[in-house]
Amino acid sequence: MKIFDAHFHIIDFNFPIKENNGYMPPSFTTRDYLTRTQDLDIIGGAVVSGSFQGFDQGYLEDALNKLDGKFVGTTQLPMTTSDVEIHRLNTLGIKGIRFNVKRGGSEDISKLKEFSQRVYDLVGWHTEIYIESKKLADYKDVILQLPQVSIDHLGLTKEGFEDLKDLVRQGAYVKATGFGRIEVDSFSAIQELININPNAVMFGTDLPSTRANRPFNEEDIQLIQNNFNQGIQERIFYKNALEFYRLSE
């Protein structure tokens with residue numbers, strides 16, 4: 001089965017890496033990623049900036065230059081970033097901005113609505129939010145005003161999952177990623193979201209699974225293969241993401 005890896009990290013110490021909440025990530029270069037996924041039918045993916053990378057764009061530019069296929073970037077930027085720089089990053093294949101409520105390292109969540117609308121109007125970028133479902137109630141009204149949004153890791157927590165489902169009903173996408181770091185049951189959560197909108201769920205490896213209790217393994221793929229029909233598998237593994245990132249199949 002073809003896979004668009006909708007969420008993974010490249011950690012290259014040739015570029016700035018900073019400790020986050022006492023945590024320093026392991027090295028996981030572009031070559032490491034390609035080696036780790038060589039037995040998977042990866043057609044592309046989204047390189048996502050982590051909390052430990054702050055606003056550095058150098059690693060992301062380097063990774064997108066080295067990866068061959070339908071690869072895009074989701075980055076962290078300060079609100080003060082110029083229109084010129086946003087346009088430049090867009091030409092490199094960056095497709096979205098990330099707000100990291102869970103770990104920090106990104107622009108403050110208070111800038112969510114204004115900044116999200118700005119980058120969407122400029123270059124059509126989406127907004128990605130790393131947030132626990134139990135905190136969604138505090139931001140749901142704002143999130144619903146965003147032009148295009150995705151939520152990481154199935155929302156992480158059991159508490160607030162109904163809020164996540166409500167967002168999906170109203171157009172949000174959700175990344176089925178990080179099965180080894182979440183409270184919710186992966187299959188049940190995916191099933192409930194698919195029942196609401198089969199176009200809303202996007203699979204990703206979450207490699208190298210920093211801080212997860214269990215790192216990604218091929219059983220995460222098999223879980224979907226064993227429980228969903230061919231058409232739904234195709235939507236989860238690559239079709240939904242290609243549509244979300246506006247890439248041709």
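**Group meeting: a walk through the fold**

Let's start at the tail end. Arg-246 is found in the segment after H9. A word of caution before we go on: this is a predicted model. Arg-246 has a phi near 60°, which is a positive value in a residue other than glycine. Is Arg-246 buried or exposed, or something in between? At 46% relative accessibility, Arg-246 counts as partly exposed.

Now take the other backbone case, His-153. Phi of His-153 is near 55°, again positive and again not a glycine. His-153 sits in the loop between E6 and H6. How accessible is His-153? Its relative accessibility is 2%, so His-153 counts as buried. Buried means under 20%, and partly exposed means between 20% and 50%.

One backbone feature is left. Leu-207 and Pro-208 are joined by a cis peptide bond, with omega at about 0°. Look for Pro-208 in the loop between E8 and helix H8, residues 219–227.

On to the sheet. How many strands form it, and in what order? There are 8 strands, and the order is E1-E2-E3-E4-E5-E6-E7-E8. The sheet is open, and the pairing is parallel. Which strands are at the edges? They are E1, residues 2–8, and E8, residues 201–203, and each pairs on one side only. Neighbouring strands in this sheet are turned by 25° against each other on average, direction ignored.

Let's look at the E1 end of the sheet. E1 and E2 run parallel, joined by 5 bridges, and E2 spans residues 41–48. Lys-2 has Asp-41 of E2 as its bridge partner. Phe-8 stands opposite Val-47, also in E2. E2 is mostly covered, with 6 of its 8 residues buried.

Now move along to E5. How many residues of E5 are buried? The count is 5 of 5, so E5 is largely enclosed by the rest of the structure. Think about the two faces here. In a regular strand, side chains alternate between the two faces of the sheet. Both faces of E5 are covered. On one side, His-126, Glu-128 and Tyr-130 are buried. On the other side, Thr-127 and Ile-129 are buried. Note that the buried set includes Glu-128.

What flanks E5? Strand E4, residues 94–100, pairs with E5 in the parallel sense over 5 bridges. E5 and E6 also pair in the parallel sense, over 3 bridges. Keep your eye on Ile-129. Ile-129 is the bridge partner of Phe-99. Ile-129 also stands opposite Ile-151 in E6.

Next, a helix: H5, residues 136–143. Which residues of H5 are buried? They are Leu-136, Lys-140 and Ile-143. Viewed down the axis of H5, the buried residues fall within an arc of 80°, so they line one face of the helix. The face turned away from the buried side carries the exposed residues Asp-138 and Asp-141. What covers the buried residues of H5? The cover includes helix H4 (112–123), strand E5 (126–130), strand E6 (149–151) and helix H6 (161–169). E5 appears here again, as part of that cover.

Now the core. The largest nonpolar core holds 75 residues. Which members touch the most others? They are Tyr-33, Trp-125, Leu-154, Ile-190, Phe-203 and Ile-236. Which element gives the largest share of this core? Helix H9, residues 230–244, gives the largest share, with 7 residues.

Let's zoom in on Ile-236. Setting aside neighbours within four places in sequence, Ile-236 is in contact with Ile-190, Ile-194, Val-201, Met-202, Phe-203, Ile-224 and Phe-228. Two of those names, Ile-190 and Phe-203, you just heard in the core list.

Last stop: Arg-235, in helix H9. Is Arg-235 buried or exposed? It has 16% relative accessibility, so Arg-235 counts as buried. What does its side chain meet? A polar contact of 2.8 Å joins the side chains of Arg-235 and Asn-199. Not counting residues up to four places away in sequence, Arg-235 touches Pro-198, Asn-199, Val-201, Asn-240 and Glu-243. Val-201 is in contact with Ile-236 too.

That's the tour. Questions are welcome.

Key:
Residues numbered from 1 in each chain as written. Predicted model: local features only at pLDDT ≥ 70, side-chain atom pairs only at ≥ 80, totals over all residues. Heavy atoms only, no water. Buried < 20%, exposed > 50% of the residue type's maximum accessible area, 1.4 Å probe, protein only. Helix = DSSP H or I, 4+ residues; strand = E, 2+ residues; numbered from the N terminus. Arc of directions from axis to C-beta. Contact = heavy atoms within 4.5 Å. Pairing = 2+ DSSP bridges. Axes fitted to C-alpha atoms, helices over the stretch in contact; angles between N-to-C directions. Core = buried A, V, L, I, M, F, W, Y, C linked by side-chain atoms within 4.5 Å. Polar contact = N/O pair within 3.5 Å; in protein donor to acceptor, adjacent residues only side chain to side chain.
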